[in-house]
Amino acid sequence: MKTMRLSILILLLISTFFPLRVLAQDHTQWGLPDGATMRLGKGRLQGNIVFSPDSTLLAVASSIGIWIYDGYTGKALNLLTTQTGGISSVAFSPDGKTLASSSSAEFYLWNIESGEHKATLTGHTRDITSIAFSPDGKTLATGGDWKDKTVRLWDIETGTLRSTLIGHTDGILSVAFSPDGKTLASGAEYDDNTVRLWDVATGTLKSTLSGHVDGVESIAFSPDGKTLASCSRRRDSAVWLWDVSNGALKTTLSGHVDGVHSVAFSPDGSVLASGSEDGTVCLWNVASASYKTTLVTHTGSVSSVAFSPDGQTFASSSSDSTVILWDTANFEQRTTITGHTSGFSSIAFSPDGRRLVSGSWDRTVRLWDTTTGNNSTTLTGHIGPIESVAFSPDGRTVASSGGISVINGWFVDDYTVRLWDAATGTHKMTLIGHKDRIFDIEFSPDGKILASGSEDKNVCLWDVGTGNHLATLFGHKNSVYNVAFSPDGNTLASGGRGAIYLWDVANRQQKVSLTGYIGGTWALAFSPDGRTLASSGTDSDVHLWDVATGEHQIALTGHTDRITSVAFSPDGKTLASSSSWKDRTVRLWDPVSGAHKSTLTVYANTVQSVIFSPDGRTLATAGSGGIILLWRLGTTEELPLLEADVNGDGVEDIQDLVLVAANFGQTGPNTADVNDDGVVDAADLIKVAAALDNAAAAPSAVMLNVKNVQQWLTQAQQLDLTDVTLQRGIHFLEQLLGTLVPTETALLPNYPNPLNPETWIPYQLAAPANVVLRIYSTNGPLVRTLALGHQSAGIYQDRSRAVYWDGKNELGEPVASGIYFYTLSAGKFTATRRMVIRK
């Protein structure tokens, strides 16, 4: 009876606070390929950015699809993907109901409201580089690449090709309609370098605008249609303004120091913005053709710029993987959209599997939480792209190696290995000795030695504790792409162009050269028992070698492009291999029989790295698309069933309980319906709670007490979960806690902590009392007194009931950063806790 009353109470609470409806997902789960469970990163920015006609949405082209953001706040709203590859261009229809995107030789039409894929149109012989809607929304223009060289006009209603405009002698980089829809402009690649103006009705060429010395990457009509702006990449740092009526050059705007990638007029036509390879955005006064100001925030080239149609927001995207939204009133930065990443070269799991380190082409090393998908730490210091990363066996150190980068047209060398503290992210030391980029690094099983292979044809061994160079292993006649220690640490394998060598680590001598296969070696991996070495190269096969004899055992065939990475599962029963851009798959093999077990299709460009988690349950893949995918492996017979693992991340934890709470009252198929009775209710919450508590006895409603709910809520709040679904789950736990009567008075941890500048301080009362909260600085003086008056018994946990402090003293002045103490007095009860202000 008590259980029934509690269930009824909870259901009444749900009906009040949580009306039934479909809840939003975490964006790490959006648009995943079949079999993948989580995505780390949002993919590489590529192509353009564009606002919806009502300015509420911003569409961003990426390597995995189209990200839809709130046009004012920058919040991620949706991901549109067909799983066929990256997006080169996006455009909204004038009524804002349809979005068009191009990928390879196809373009897609999307329903913006539902996010559904409406149609796929084909006709170009090669990749489509640019698309644009006519002002009346009836026609779509598309431009083809250097093997196509055509501009095509499509009827949107029927999906049929209306006309093909032929005349350019190289690929099309940009297309744009005039405001009246009568003229189409197209800009071409560097073997053409022209802008052509076409009559839309007849398809005839009106005029050719010549003068650029490189490909015309972006064009834009002024709102009155009288002026056309164009820009060119690499060898041309000016913005060109043309008279549309006669095709004459009006003027050029100079100010950038490198090629210009994008131009855009403000809605009123008074301002022209240009984004450059030099990392800046220049703003120009159109009437006077004069320079206004420069926006210098991006750390990479600015690839696309756009004004919102209402004129309130300006957006810029960059190779630094950010999109910045600016307030046009003063061109101050409003918000930065983060989470996008350039291509990944290497990934590695921490020994406990809870973190993953990645190396990226944008010169950063990132640490990821494999449970939440959050990028917890970003390590910077390399001046070149990251070639390889590795975790030390004790999980305390991360190693990364550098390569060659081009910055403002200059080659910059980074031939170093850096060691980082994995807990704090601080730089520990730099290992210098190689004379060319370092393709691969690996720790020895005991963590004392780091091996590195380089384009300078050498393998180096380093003392991890001191950073001293121990030895250089000579013998390779070409670049060394890979190094791998045997599980016992006695043997080191190195491979590159032309040979695979096995070295005795103790005496630094070459033991054997593996022959019988001619070609470059792109990847190496020892089996867990150390008896087999897997290698891959340029022939699209995986080769298995007997380590003791050096004999070639078998070739695993099936990939259609070169193999980029190989990895054994911890139990040695599965071998994974990843392939390059023509294949883009990961294949799983039985290393004993050589049989193909299954294929994972990744889609988003080349897979550069594949690794197993230490427990063997998860496979991680990463590559040029700028995302890391986590794949759940094994069958229910091979892996223990985690019934309370609601989010499918392989762990039964507080997030599973929060997801059950977020879906409370939902009926029908639902992963939060743990007991499969057709409704998410108190029984499911209790079952997950029992799993968290590792309860040996049958789950019971007794578990829904103040102490337990308080503990779950505190844990959830400390995770700083931002997903809408999880926030609703936290809110439910807060409401649930408020219905329970505590057995003791307590002062609870404030949140957030550290804070800047405000915080909420929760507490609970077992009996009514006068409540006063006092805040003290670390050296004792009273900072603020908050008298709450007489309070009833209950839980004061959520933001509407907890004590609120705005970070100010009694005079209303903001207090300084530092440690502070807060004391709660309630009748005879007194307790003190600590909090930190970090500004």
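How many aromatic pairs does this structure hold? The count comes to 16 aromatic pairs. The model behind that count is predicted. Two of the pairs are set out here.

| Pair | Distance between ring centres | Angle between planes | Class |
|---|---|---|---|
| Trp 67 and Tyr 69 | 6.3 Å | 25° | stacked |
| Tyr 481 and Trp 522 | 4.8 Å | 5° | stacked |

**Aromatic residues**

Take Trp 67 and Tyr 69 to begin with. Trp 67 is buried, at 0% relative accessibility. Tyr 69 is buried too, with a value of 0%. Trp 30 joins these two residues in one aromatic cluster.

Now the other pair. Tyr 481 belongs to strand 44, residues 480-485, and Trp 522 to strand 48, residues 521-526. The two parts are 41 residues apart in sequence, so the pair ties them together. Is each ring buried or exposed? Tyr 481 is buried, with a relative accessible area of 10%. Trp 522 is partly exposed, at 26%.

Trp 522 has a charged neighbour as well. Arg 562 lies over its face, 4.1 Å from the ring centre. A similar arrangement involves Trp 760: the charged end of Arg 799 sits over that ring, 3.9 Å from its centre.

**Nonpolar cores**

The largest nonpolar core has 32 residues. Which of them touch the most other members? They are Leu 58, Val 60, Val 586 and Leu 619. Several strands give two or more residues to this core. Among them are strand 2, strand 3, strand 4 (66-70), strand 5 (76-80) and strand 28 (323-327). Strand 54, strand 56 (607-612) and strand 58 (628-632) also belong to that list.

Val 60 shows how such contacts spread. Leaving aside neighbours within four places in sequence, Val 60 is in contact with Leu 45, Asn 48, Ile 49 and Gly 65. Ile 66, Trp 67, Tyr 69 and Val 323 are also its contacts. Trp 67 and Tyr 69 are the stacked pair from the table.

Another core lies apart from this one. That core has 21 residues, including Ala 769, Ile 775, Val 815 and Leu 824.

**A buried serine in a loop**

Where is Ser 55? Its place is in the loop between strand 2 (45-51) and strand 3 (57-62). Ser 55 is buried, with a relative accessible area of 8%. Its side chain reaches the backbone nitrogen of Asp 310 at 2.9 Å. Not counting residues up to four places away in sequence, Ser 55 touches Gly 71, Ser 308, Pro 309 and Asp 310.

**Strand 53 and its partners**

Strand 53 covers residues 575-579. Why is this strand described as largely enclosed by the rest of the structure? Five of its five residues are buried, so the description follows. Both faces are covered. On one side, Leu 575, Ser 577 and Ser 579 are buried. On the other, Ala 576 and Ser 578 are buried.

Strand 53 pairs with strand 52, residues 563-568, in the antiparallel sense over five bridges. Phe 568 stands opposite Leu 575. The hairpin of these two strands has six residues between them. In that hairpin, Gly 572 takes a positive phi near 75°.

Strand 54, residues 585-589, is also joined to strand 53. These two run antiparallel, with four bridges. What is the bridge partner of Ala 576 in strand 54? It is Leu 588. Strand 54 also gives two or more residues to the largest core.

Terms used:
Residues are numbered from 1 along each chain as its sequence is written. This is a predicted model: local features need pLDDT of at least 70, side-chain atom pairs count only at pLDDT 80 or more; totals for chains, interfaces and linings use all residues. Side-chain values use heavy atoms; hydrogens and water are left out. Buried means under 20% relative accessible area, exposed over 50%, partly exposed in between (1.4 Å probe, protein chains only). Two strands pair if DSSP finds at least two bridges between them. A polar contact is a pair of N or O atoms within 3.5 Å; within protein, one must be able to donate a hydrogen and the other to accept it, and residues adjacent in sequence count only if both atoms are side-chain atoms. Contact means heavy atoms within 4.5 Å. A nonpolar core is a set of buried Ala, Val, Leu, Ile, Met, Phe, Trp, Tyr and Cys residues joined through side-chain atoms within 4.5 Å. Rings of Phe, Tyr and Trp (its six-membered ring) pair if their centres lie within 6.5 Å; planes under 30 degrees apart count as stacked, over 60 as edge-to-face and the rest as tilted. A charge sits over a ring if NZ of Lys or CZ of Arg is within 6 Å of the ring centre and within 35 degrees of the ring normal.
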